[in-house]
Protein chains: 2
Amino acid sequence: MISLDHVHDPKPEDFPSELEGLRMTKQRREVLAVILGERDHPTANDVFVRAKDRMPTISLATVYNCLEALVSHQIVRQVNFERESSRYCPNLSDHCHFQDEESGKIHDVVFKDGVKLEDFLELPQGTEISHLEISLKGQFGTQK
Amino acid sequence: MISLDHVHDPKPEDFPSELEGLRMTKQRREVLAVILGERDHPTANDVFVRAKDRMPTISLATVYNCLEALVSHQIVRQVNFERESSRYCPNLSDHCHFQDEESGKIHDVVFKDGVKLEDFLELPQGTEISHLEISLKGQFGTQK
DNA sequence: ATCATAATTAGAATAATTCCAAATTTTGGC
DNA sequence: GCCAAAATTTGGAATTATTCTAATTATGAT
Ligand SMILES: [Mn+2]
Ligand SMILES: [Mn+2]
Ligand SMILES: [Zn+2]
Ligand SMILES: [Zn+2]
């Protein structure tokens, strides 16, 4: 697993020409830079609008193509809340998502130390989990 | 909270004329009977097709209206897997969903006894959770 | 029965995403 | 560097789940 998590305000040039076996084209770099730059879980359209700032010729289809490439190579994560449009998250560590219903903002939520999913769920023996998504909504705590 | 969970192969007539403050119209009864009858987490269109058997005049718009009414009155639950169409579940007890990638079938998964969400997640103090969805995908265990 | 309100219906509209076919860019071999 | 093949990008069309609209029908209260 790569670790791009610490890269704040990244420039597209910061990325090598290949990542996780995926060719890093100009557009893919730009899309990745957008997602790493402001970690607010943007939608595809958000990414499109932001990417156009530095790359006015990029198309929405390309943004979707890039997102799909980045997700399938596990460079970014796709995040879903019910039937809302998908959002994208550069945090590759184990975590889930909480949406504050007042602000609409999405927060990363990490698991407590040492907890394993199997400790929580009655899963039949031999179950192999390939994908897990936990999404919460509610009122974010005022205190930190 | 009502408990319709034990009702197997229900007839629309089994339901009272009002449930959880919701008027039980012919169509709402039929939609609910479909969801309780075969507990395979049908999509809206699945429900529509099945409902038409006994009520050939029902419309898809009505199925959507009924589902929205039943969900908002907490008589059934809406279940989402990534960007797939929503599915509907009559099990009102606390549980989450596992989709077997081989068969596509969705299984209810219950939480182990006594576990609380706050034991698993680093949530800021004062967080109020109004909605929670946990969706898993993978290979279902061959052994029971 | 009358009236007001709520629910149903068919079809149109919406919107996120995917598909398509053409144009462009990149790559690797020479 | 030049060329052919392969990969990527692009604009626009297509898809599809869901929502909306406006007309019709059913319900419940008086
Ligand atoms: Mn995912
Ligand atoms: Mn829900
Ligand atoms: Zn995240
Ligand atoms: Zn269920």
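Is Phe140(B) buried, partly exposed or exposed, and what is the relative accessible area of Phe140(B)? The legend to view 3 gives the answer. All views show a predicted model.

**View 1. Coordination of the zinc ion (ligand 4) by residues of chain B.** The donors are NE2 of His41(B), SG of Cys89(B), NE2 of His95(B), NE2 of His97(B) and an OD atom of Asp108(B), at 2.1 to 2.4 Å. Along the chain, these donors follow the spacing H-x47-C-x5-H-x1-H-x10-D. His41(B) is in the loop between α1 (26-37) and α2 (44-54) of chain B, while Cys89(B) is in strand β4 (residues 87-89), so this pair ties together parts that are 48 residues apart in sequence. Both His41(B) and Cys89(B) are buried.

**View 2. The aromatic pair Phe98(A) and Phe140(A).** Three aromatic pairs are found over all chains of the structure. In this one, the ring centres are 5.8 Å apart and the planes are at 50°, so the pair is tilted. Phe98(A) belongs to strand β5 (residues 95-100) of chain A and Phe140(A) to the segment after β7 (128-139) of chain A; the pair links distant parts of the chain, 42 residues apart. Phe98(A) is buried, with a relative accessible area of 0%, whereas Phe140(A) is partly exposed at 28%.

**View 3. The aromatic pair Phe98(B) and Phe140(B).** The centres of the two rings lie 5.8 Å apart with the planes at 50°, so this pair is tilted. Strand β5 (residues 95-100) of chain B holds Phe98(B), and the segment after β7 (128-139) of chain B holds Phe140(B), so the pair ties together parts that are 42 residues apart in sequence. Phe98(B) is buried, with a relative accessible area of 1%. Phe140(B) is partly exposed, with a relative accessible area of 31%.

**View 4. Protein surface near DNA strand C.** Of the 16 residues around the strand, those that come nearest are Tyr64(A), Ser86(A), Thr25(B), Ser59(B) and Thr62(B). Sugar and phosphate make up 80% of the atoms of DNA strand C that come within 4 Å of the protein. By residue class, this surface divides into four nonpolar, eight polar and four charged residues.

**View 5. Contacts of phosphate oxygens of DNA strand C with chain B.** A phosphate oxygen is 2.5 Å from a side-chain N or O atom of Thr62(B). For a side-chain N or O atom of Arg28(B), the distance to a phosphate oxygen is 3.1 Å. Ser59(B) has a polar backbone atom 3.3 Å from a phosphate oxygen. Elements giving two or more residues to the surface near DNA strand C are α3 (60-72) of chain A and, in chain B, α1 and α3 (60-72). The largest share, three residues, comes from α3(B).

Technical notes: Residues are numbered from 1 along each chain as its sequence is written. Chains are lettered from A and ligands numbered from 1 in the order in which they are written. This is a predicted model: local features need pLDDT of at least 70, side-chain atom pairs count only at pLDDT 80 or more; totals for chains, interfaces and linings use all residues. Side-chain values use heavy atoms; hydrogens and water are left out. Donors are N, O and S atoms within 2.8 Å of the metal (3.2 Å for Na, K and Ca); water is not among the atoms, so sites may look incomplete. Helices (H or I, at least four residues) and strands (E, at least two) are DSSP runs, numbered from the N terminus. Buried means under 20% relative accessible area, exposed over 50%, partly exposed in between (1.4 Å probe, protein chains only). Rings of Phe, Tyr and Trp (its six-membered ring) pair if their centres lie within 6.5 Å; planes under 30 degrees apart count as stacked, over 60 as edge-to-face and the rest as tilted. A residue is near a molecule or strand if one of its heavy atoms lies within 4 Å of it. A polar contact is a pair of N or O atoms within 3.5 Å; within protein, one must be able to donate a hydrogen and the other to accept it, and residues adjacent in sequence count only if both atoms are side-chain atoms. Ala, Val, Leu, Ile, Met, Phe, Trp, Tyr, Cys and Pro count as nonpolar, Asp, Glu, Lys and Arg as charged, and the others, Gly among them, as polar.
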